[in-house]
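Me: I would like to go through this structure by asking what lies behind each description. Please set every value against the definition that it rests on.

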Amino acid sequence: MVQNHPILVTGGAGFIGSNFILQWLTREADSVVNLDKLTYAGNLSNLEKVSSDPRYSFIHGDICDRKLVSALLQRHRPRAIVHFAAESHVDRSIHGPDDFVRTNVNGTFALLEEARAYVAEMAPSEKTTFRFLHVSTDEVYGSLGPQAPSFSEISPHAPNSPYAASKAASDHLVRAYHHTYGLPTVTTNCSNNYGPYQFPEKLIPLTILHALQGKPIPVYGDGQNVRDWLYVEDHCDAIRTVLAQGKVGETYNIGGRNEKPNLEIVQTISAILDELRPKDPVVPHSKLITFVQDRPGHDRRYAMDARKIEGELGWRPRETFETGIRKTVEWYLAHQAWIQEVTSGTYRQWMAKQYSM
Ligand code: NAD
Ligand code: DAU
């Protein structure tokens with residue numbers, strides 16, 4: 001395939017997708033077409049820096065809209081699809097799973113079908129370079145006991161929330177489209193991300209915002225649920241690595257070897273804010289930590305074995321949790337206007353429903 005065919009990114013206005021596009025345009029030559037429905041989680045201001053870059057274009061639309069997807073593929077002739085678009089919040093999937101099945105399962109199916117038709121018409125040389133990269137999660141593997149080894153690429157799927165089940169279904173569809181139709185797919189399963197532009201309903205940005213405002217920091221259950229945290233730019237770097245070098249039909253686990261209980265996460269953020277914001281309404285910020293009712297079916301522990309991507313493709317995370325979390329807190333402190341924007345409207349209604357605040 002000739003150089004400079006764009007890549008098609010789905011869900012590029014969300015947290016990871018927007019970080020990916022920002023990173024891509026500073027490190028890669030090819031242009032980006034961003035297809036995003038702009039749900040509550042999609043925010044075009046994340047991409048303000050690149051909005052006038054001639055290599056970037058935005059299409060407002062739904063991945064379930066097969067006519068639109070087909071027309072986009074014909075018009076832009078992308079050399080790859082990098083598929084982020086999803087409903088991504090576990091708590092929302094518990095309150096209303098319909099959108100999760102629609103976007104994560106039916107939407108992925110729609111993209112796969114249109115990608116299959118697009119690839120079928122390609123010249124053999126183009127077929128060998130085209131990639132469908134499916135971005136997935138560690139949650140598809142279910143929950144680990146305290147001493148169990150980390151999830152590897154051959155761990156069985158055992159999803160426990162509607163979100164995880166919908167992502168697991170999409171993983172299976174991607175696998176089947178490679179196995180049955182020869183679609184050149186690669187799948188990445190990553191652990192919890194954190195960093196700039198994360199919507200403040202997820203634990204880390206929520207903690208930062210509540211601490212700044214002197215509001216209770218809600219910790220589910222006993223706070224001992226463990227997640228494996230990865231700085232978002234390291235995830236984006238891993239996705240670029242898999243796109244460039246990953247073997248077709250393979251799956252790559254991505255993680256930061258940063259297993260931490262939630263209580264430790266909120267205590268760490270509180271301590272950083274004590275240092276950076278000693279005059280906030282409530283100091284020490286840890287006084288705000290409040291144990292609240294647990295998430296139904298809350299998975300106890302996730303941990304990723306990333307030896308395959310490290311050993312075969314040479315990827316390594318650059319940030320430790322200590323450097324990444326400090327950068328993240330500093331980013332939120334420096335971007336109050338962004339926070340104002342996202343904490344209005346739908347976000348507030350959601351917070352009221354979830355926490356009765
Ligand atoms: P996000 O919720 O911040 O963003 C999702 C984006 O998809 C939004 O811009 C939204 O508008 C868009 N979208 C939703 N439905 C759509 C549809 N039908 N058509 C087109 N666009 C649609 O999510 P995120 O945290 O950036 O996650 C991105 C991907 O990475 C997801 O597939 C998620 O499962 C996966 N993932 C996330 C994490 C994490 O920690 N956040 C970790 C591992 C994997
Ligand atoms: O593991 C990867 C997954 O990480 C991604 O696939 C999801 O898209 C992403 O949202 C994230 O899911 P989690 O459920 O792990 O993220 P969340 O930030 O919602 O919660 C992190 C942990 O913190 C989890 O154990 C629940 C807990 N928590 C969360 C919130 C929002 C709290 O204790 N209090 C809270 O208010």
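The exchange below takes up the two ligands, two helix pairs and two points of backbone geometry.

Me: Before we start, how do you know which values to use, and how are residues and chains labelled?

Reply: This is a predicted model, in which local features need pLDDT of at least 70 and side-chain atom pairs count only at pLDDT 80 or more, while totals for chains, interfaces and linings use all residues. Residues are numbered from 1 along each chain as its sequence is written, chains are lettered from A and ligands numbered from 1 in the order in which they are written, and side-chain values use heavy atoms, with hydrogens and water left out.

Me: What makes a residue part of the surroundings of ligand 1, and which come nearest?

Reply: A residue is near a molecule if one of its heavy atoms lies within 4 Å of it. There are 28 residues around ligand 1, and Ile16, Asp36, Ser88, Tyr163 and Lys167 come nearest. By class, this shell has twelve nonpolar, twelve polar and four charged residues, where Ala, Val, Leu, Ile, Met, Phe, Trp, Tyr, Cys and Pro count as nonpolar, Asp, Glu, Lys and Arg as charged, and the others, Gly among them, as polar.

Me: Why is the pair formed by aspartate 36 and ligand 1 called a polar contact?

Reply: A polar contact is a pair of N or O atoms within 3.5 Å (within protein, one must be able to donate a hydrogen and the other to accept it, and residues adjacent in sequence count only if both atoms are side-chain atoms). A polar side-chain atom of aspartate 36 lies 2.6 Å from an oxygen atom of ligand 1, so the pair qualifies. A backbone N or O atom of isoleucine 16 is 2.8 Å from an oxygen atom of ligand 1, and a polar backbone atom of lysine 37 is 3.0 Å from a nitrogen atom of that ligand.

Me: How do you know how much of ligand 1 the protein buries?

Reply: Accessible areas come from the Shrake-Rupley method with a 1.4 Å probe (for residues, only the protein chains shown count as cover). Ligand 1 taken alone exposes 840 Å², and the protein buries 96% of that.

Me: Which contacts and what cover does ligand 2 have?

Reply: A polar side-chain atom of arginine 295 lies 2.6 Å from an oxygen atom of ligand 2, and an N or O atom in the side chain of histidine 298 is 2.7 Å from an oxygen atom of the ligand. Serine 88 brings a backbone N or O atom to 2.7 Å from an oxygen atom of ligand 2. On its own ligand 2 has 690 Å² of accessible area, of which the protein covers 95%.

Me: What makes β8 stand out around ligand 2?

Reply: Helices (H or I, at least four residues) and strands (E, at least two) are DSSP runs, numbered from the N terminus. β8 gives the most to the shell around ligand 2, with three residues, and the shell has nine nonpolar, eight polar and six charged residues.

Me: What describes the packing of α2 with α4?

Reply: Two packed helices are described by the angle between their axes and the distance between the axes. Axes are lines fitted to C-alpha atoms, for helices over the stretch in contact, and angles run from 0 to 180 degrees between N-to-C directions. For α2 (residues 66–76) and α4 (residues 98–120) the angle is about 40° and the axes are 9 Å apart.

Me: How do α1 and α8 pack?

Reply: α1 and α8 (residues 232–245) pack at about 65°, with axes 9 Å apart.

Me: Why is the peptide bond from valine 283 to proline 284 called cis?

Reply: Its omega is near 0°. Proline 284 is found in the loop between α9 (262–276) and β12 (289–292).

Me: What is noted about the phi of leucine 38, and where does leucine 38 lie?

Reply: Leucine 38 has a positive phi of about 55° although it is not a glycine, and leucine 38 lies in the loop between β2 (32–36) and β3 (56–60).
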